[in-house]
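Here is a protein to explore by question and answer. Look at it first, then read on.

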Amino acid sequence: MIAQLHFRDAFWCRDFTAHTGYEVLLQRLLDGRRMCKDVEELLRQRAQAEERYGKELVQIARKAGGHTEINSLRASFDALKQQTENVGSAHMQLALALREELRSLEEFRERQKEQRKKYEAVMDRVQKSKLSLYKKAMECKKAYEQKCRDADDAEQAAGRLGAGTPQKQIEKSQNKAKQCKDSATEAERVYRQSIEQLERLRGEWEQEHRATCEAFQLQEFDRLTILRNALWVHCNQLSMQCVKDDELYEEVRLTLEGCSVDTDINSFIQAKSTGREPPAPVPYQNYYDREVTPLAGSPGGPLACGMIKRFSGLLHASPKTTSTQAHAASTETLATAPGSDEVTYTTISVQGTQGNHHPPARDYRALYDYKAQNSDELDLCAGDVLVVVLEGEDGWWTVERNGQRGFVPGSYLEKL
C-alpha cells in the first residue's frame, strides 16, 4: 500500500516573499489542462478518421459492381459488399461515440478551469496583501531602528555634557534625547502594529494556501481519473469495433464456405452451353484440280480450256486486247444446270479451228525485277529478253525463257 502524500504538506517555501510551491502546483494544473487538450485532439482526429473510413467503406461497397458474376460466388461477393457497408456504418457510429466522449472531456476541462480560477483569484489577492504588508513592516522596522539609533545618540550626547556646560544647553540636549526616545517609542509601536497585521495576514495566507493545495490535489486526482477512464473507454471502443468487424466479416466467410467452384462451373455450362460438337474441318481445294463441267449442247471431243489468272493488286497492268486474242482467251461464266436452281462455275470451251489464234511470238525485254509469287510464275531481272506467248486481258502475260513458261506482269515488259 503506497502512503498517500498531500500537496498541503509538500509545497511550502522558507522565503516569506516567495511562492514557489504555489507556482509549481499551478504549473502542474496548467500542464494537466494541456494534457486534456491533447487527449481531446486525439479523440477528435480519431473520430474524423473513423468517419472518413466509414464513408469510404460505404462508398466502396456501393460501387463495387460484381453484377457480371453468377451463382454462389455472386452471392458471396454480394454478402461481402453488404457487410463492408455495415462495417462502414459501424465505424461512423464509433465516430459519433468518440465525439460524445470528446464533449464530456471538454466540459470537464472547462469546469476545472473555472474552479482553478476562483482559487487563483483568492491566492493572488492574499499574496499581494502579504507582500504589501511585508514591505510596509520592513519599512517600519527600518524607521524604528533609525529612531532607536537617534535616541541612543541623543542620550549619549546629553550624558557627555560636563559640569561646565551651560544649563540651557544641557536642557536642550535632554529635551532632544527625550524627543528621540519618544519618536523611537512611536516607531516601535508602528512597527509592532505592522508586524501584528502581517502575522494575521500570514495566517490567512497560510490557510488559503492549504485550502488551495487541497483543491488543486483534488483537481489533479479528478483529472487523472477522468483521463485514465477516457483512454480506457477509448481502447474498449476500438476493441469492440474490431470484434464487431470480425463478426460481420465472419458472415462473409460463412457465405464463402457455401461457394462451390464446381457448382458454379456446371451452372454456367448448363445455362450458356452453345453445343457439344466442334465444326467439321475445312478441306484443302486446289484451284487447278477442280472438275470442269462442260456446257450443255457443247460438241464432244477434247476441250481446250483457257485458265485466266486473277490478280487484283497490280496497279500498272495495262492489258492489250486484240480480236485474235479475244477469241483465244477463255473467260469464266455462270451456267445453270437444267432442272436446278443452283448456279455453278464453268468455262467456255473453244474447239480447235483452222488458223493460228495466238499472235506470232515476239521478243520483249524486262524493265524491272520481279519475284515470282506462285509456282506458275517466272522471276524477272531487269534486262532479261523473253518471248511473249500470250497477252492476257487481266495484265498477266504468258512468256517463255530458256524453255520455261510462266506468268509475268505485262506492265513490266517492253517490246524490242
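## A salt bridge between helices

Arg109 forms a salt bridge with Glu40, and their closest N and O atoms are 2.8 Å apart. The pair links distant parts of the chain. The model is predicted.

Q: How many residues apart are Arg109 and Glu40, the pair that links distant parts of the chain?
A: Arg109 sits in helix 2, residues 71–159. Glu40 sits in helix 1, residues 20–62. The distance along the chain is 69 residues.

Q: Is Glu40 buried or exposed?
A: A residue counts as buried under 20% relative accessible area. Glu40 has a relative accessible area of 2%. Because that value falls under the cut-off, Glu40 is buried.

Q: Is Arg109 buried or exposed?
A: The cut-off for buried is again under 20% relative accessible area. Arg109 has a value of 11%. So Arg109 is buried.

Q: Which residues are linked with Glu40 and Arg109 in a network of salt bridges?
A: Glu40 and Arg109 form a salt bridge. They also belong to a network of salt bridges. The other members are Arg33 and Glu110.

Q: How many salt bridges does the structure hold?
A: The Arg109 and Glu40 pair forms a salt bridge. Counted over the structure, the total is 30.

## Other salt bridges

Q: What separates Glu199 and Arg202 in helix 3?
A: Their side chains meet in a salt bridge, 2.7 Å from N to O. Both lie in helix 3, residues 167–257. Because they are three residues apart there, they are separated by about one helical turn.

Q: Is Arg202 buried, partly exposed or exposed?
A: Buried means under 20% and exposed means over 50%, with partly exposed in between. Arg202 has a relative accessible area of 25%. So Arg202 is partly exposed.

Q: Which residue forms a salt bridge with Asp384?
A: The closest N and O atoms of this pair are 3.0 Å apart. Asp384 lies in the loop between strand 3 and strand 4, and its partner lies in strand 5, so the bridge ties together parts that are 17 residues apart in sequence. The partner is buried, with a relative accessible area of 18%. The partner is Arg401.

## Strands and cores

Q: In which sense do strand 5 and strand 6 pair?
A: Strand 5 covers residues 396–401, and strand 6 covers residues 404–409. They pair over six bridges. Glu400 stands opposite Arg405 in strand 6. The sense is antiparallel.

Q: Which residue takes a positive phi in the hairpin of strand 5 and strand 6?
A: This hairpin has two residues between the strands. One residue there has a phi near 55 degrees. That residue is Asn402.

Q: Which strand supplies the largest share of the largest nonpolar core?
A: This core has 14 residues, and Trp397, Val399 and Val408 are among those that touch the most other members. Strand 3, strand 4, strand 5 and strand 6 each supply at least two of its residues. The largest share is three residues, and it comes from strand 5.

Q: How many residues make up the second, separate core?
A: This core includes Cys36, Leu43, Leu227 and Ala230. Its size is eleven residues.

## Surface and overall layout

Q: What is the area of the nonpolar surface patch that includes Ile265?
A: Ile265 lies in helix 4, residues 261–272. At 44% relative accessibility, Ile265 counts as partly exposed. The patch is made by Ile70, Val261, Ile265, Phe268 and Ile269. Its area is about 450 Å².

Q: How far apart in space are Ile170 and Gly159, C-alpha to C-alpha?
A: Ile170 is in helix 3. Ile170 is buried, with a relative accessible area of 17%. In sequence, Ile170 and Gly159 are eleven residues apart. In space, they are 9.1 Å apart.

Q: How many helices and strands does the protein have?
A: From the N terminus on, the elements run α-α-α-α-α-β-β-β-β-β-β-β. That order holds five helices and seven strands.

Q: What share of the residues of the protein count as buried?
A: The protein has 416 residues. Its accessible surface comes to about 28400 Å², with 53% of this belonging to carbon and sulfur atoms. The buried share of the residues is 28%.

Terms used. Residues are numbered from 1 along each chain as its sequence is written. This is a predicted model: local features need pLDDT of at least 70, side-chain atom pairs count only at pLDDT 80 or more; totals for chains, interfaces and linings use all residues. Side-chain values use heavy atoms; hydrogens and water are left out. Two strands pair if DSSP finds at least two bridges between them. Helices (H or I, at least four residues) and strands (E, at least two) are DSSP runs, numbered from the N terminus. A salt bridge is a side-chain nitrogen of Lys or Arg within 4 Å of a carboxyl oxygen of Asp or Glu. Buried means under 20% relative accessible area, exposed over 50%, partly exposed in between (1.4 Å probe, protein chains only). Patches are made of residues with over 30% relative accessible area and no salt bridge: like charges are joined within 9 Å, nonpolar side chains (Val, Leu, Ile, Met, Phe, Trp, Tyr) within 5 Å. Accessible areas come from the Shrake-Rupley method with a 1.4 Å probe; for residues, only the protein chains shown count as cover. A nonpolar core is a set of buried Ala, Val, Leu, Ile, Met, Phe, Trp, Tyr and Cys residues joined through side-chain atoms within 4.5 Å.
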